[in-house]
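Here is a short report on one protein chain, written for a reader who has not met it before. Keep the structure in view while reading.

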Amino acid sequence: MLATLMYAPGDVRVEDIAEPQILKPTDAIIRLAATCICGSDLWPYRGHEPFDGAKAMGHEYCGEVVAVGDAVTTVKPGQFVVGSFCISDNTCPHCQYGFQSSCEQREFMSGAQATLARVPLADGTLVALDEKPADDLIPSLLAVSDVLGTGWYAADAARVQSGSTVVVVGDGAVGLMGVLAAKQMGAARIVAMSRHKTRQDLALEFGATDIIAERGDAGVAALKALTHNVGADAVLECVGTQESMAQAIACARPGSMIGYVGVPHGVQFDGAQMFFDQKGLLGGPAPVRRFLPDLLDLVLARKINPGRVFDLELPLADAADGYRAMDQREAIKVLLRT
């Protein structure tokens with residue numbers, strides 16, 4: 001089968017490798033209907049993460065179950081399933097509190113940019129649909145697996161409320177999904193911080209009411225001007241750099257929450273500043289499994305269309321071109337058809 005491997009920064013290859021096998025009785029094997037490239041995949045691609053041999057890429061997935069281990073009871077071959085990028089048993093205390101991404105048996109999905117993929121802890125990780133979905137829904141169902149679930153968690157962690165003012169820092173796929181989530185949660189004003197026209201347009205389509213193109217102090221000043229110098233009720237940090245986190249904190253009003261889902265790279269906090277500013281932080285890997293059933297219902301009912309975030313579709317064999325397109329900001333998010 002075909003699979004995407006990263007050998008070194010900038011070195012992505014699609015190769016023919018052996019098909020995955022059931023290794024544990026709790027495993028499932030799925031045939032991917034589609035997969036995609038994540039913004040977090042660009043960190044190793046750009047040399048910001050260490051390599052210890054080739055990396056099997058891909059953690060967003062949906063498709064048909066082709067085999068299950070003897071202990072799997074909730075999904076069966078022939079069913080179409082969507083799963084979280086965080087593998088969980090969905091039964092441990094952390095899972096029961098809704099933080100499946102901190103499961104006592106947590107693993108992170110890998111190897112999903114391929115024809116077939118092994119999913120550990122299938123009962124706790126996968127959600128089966130009642131029937132095979134229409135082909136045009138595949139991009140949106142795939143988005144639920146990570147990027148929509150992550151944007152939704154950012155909004156949930158930031159405690160977005162009906163009528164609130166929300167700022168989204170980051171105009172990548174996760175930030176755009178954060179805009180969509182804030183809209184669904186009833187935010188009255190959604191400020192997308194973006195300086196790229198195509199991303200601004202999509203943010204507006206998803207529900208943004210205002211666009212701020214400035215960054216840093218200038219961006220914060222623009223936000224304060226919009227809010228009569230108060231700041232935002234909720235802030236979604238969807239990048240993971242020191243600059244983006246500083247901007248997110250500065251945009252938040254006292255008493256507000258910042259939901260941060262950008263994987264931190266070099267981010268540090270000033271404890272005294274947070275103490276006296278009285279701003280809260282909650283984030284981390286998104287517990288997508290908590291949100292999966294409701295988000296799938298919204299997609300299947302065609303009430304939301306998160307698949308719009310995919311602005312380039314390529315065959316899996318051309319995954320390296322997809323990485324280059326995202327690295328050069330020629331594409332927001334690349335869908336790979338298997």
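## Two loop residues with positive phi

N229 sits in the loop between α8 and β14. This model is predicted. The phi angle of N229 is near 70 degrees, a positive value in a residue other than glycine. N229 is exposed, because its relative accessible area is 60% and the cut-off for exposed is over 50%.

H228 is found in the loop between α8 (216-226) and β14 (232-237). H228 is not a glycine, yet its phi is positive, about 55 degrees. With a relative accessible area of 71%, H228 is exposed.

## The chain as a whole

The protein chain has 12 helices and 18 strands. Its C-alpha atoms fill a box of roughly 60 × 40 × 40 Å along the principal axes. How does the radius of gyration of the protein chain agree with that of a compact globule? For 338 residues, a compact globule would have a value near 20 Å. The protein chain has 19 Å, which agrees.

Buried residues make up 54% of the 338 residues. Contacts across the sequence can be described too. Of the contacts with a separation of 6 or more, 69% are between residues 24 or more positions apart.

## The cavity

Rolling a probe the size of a water molecule over the atoms shows where empty space is left. The structure holds one cavity of 30 Å³ or more. The largest cavity has about 40 Å³ of space.

Which residues line the largest cavity? The lining consists of V168, G170, D171, G175, L176, V179, A192, M193, S194, R199 and A203. Three elements give two or more residues to this lining: α6 (173-184), β12 (189-193) and α7 (197-206). The largest share, three residues, comes from α6. By type, the lining of the largest cavity divides into six nonpolar, three polar and two charged residues.

## S194 and R199 in the lining

Two of the lining residues, S194 and R199, can be followed further. S194 is found in the loop between β12 and α7. R199 is found in helix α7.

Is S194 buried or exposed? S194 is buried, because its relative accessible area is 4% and buried means under 20%. R199 also counts as buried, at 6% relative accessibility.

D171 is a partner of S194: a polar contact of 2.7 Å joins their side chains. D171 is also a partner of R199. Here the backbone oxygen of D171 lies 3.3 Å from a polar atom of the R199 side chain.

Neighbours within four places in sequence are left aside in what follows. S194 is in contact with D171, R199, Q200, I211, I212 and A213. R199 is in contact with D171, G172, L176, S194, R329, A331 and I332. S194 and R199 thus appear in each other's contact lists.

## A pocket elsewhere

The second largest pocket holds about 230 Å³ of space. It is lined by 22 residues, and the closest to its centre are P20, S110, G111, A117 and R118. The elements that give two or more residues to this lining are β1 (2-8), β8 (107-108) and β9 (116-119). The lining of the second largest pocket divides into 15 nonpolar, five polar and two charged residues.

## K76 in a loop

K76 lies in the loop between β5 (62-68) and β6 (80-83). At 52% relative accessibility, K76 counts as exposed. Not counting residues up to four places away in sequence, K76 touches V65 and V68. How far apart are K76 and A28 in sequence and in space? They are 48 residues apart in sequence and 8.6 Å apart in space, C-alpha to C-alpha.

## Accessibility side by side

The table gathers the accessibility of the residues discussed above.

| Residue | Relative accessible area | Class |
|---|---|---|
| S194 | 4% | buried |
| R199 | 6% | buried |
| K76 | 52% | exposed |
| N229 | 60% | exposed |
| H228 | 71% | exposed |

Definitions and conventions:
Residues numbered from 1 in each chain as written. Predicted model: local features only at pLDDT ≥ 70, side-chain atom pairs only at ≥ 80, totals over all residues. Heavy atoms only, no water. 1 Å grid on protein atoms, 1.4 Å probe; cavity = no way out; pocket = protein on both sides within 12 Å on 5 of 7 lines; lining within 4 Å. Points joined across faces, edges and corners; volume = space filled by probe spheres on them. Helix = DSSP H or I, 4+ residues; strand = E, 2+ residues; numbered from the N terminus. Nonpolar A, V, L, I, M, F, W, Y, C, P; charged D, E, K, R; others polar. Buried < 20%, exposed > 50% of the residue type's maximum accessible area, 1.4 Å probe, protein only. Polar contact = N/O pair within 3.5 Å; in protein donor to acceptor, adjacent residues only side chain to side chain. Contact = heavy atoms within 4.5 Å. Rg over C-alpha atoms; globule rule 2.2 N^0.38 Å.
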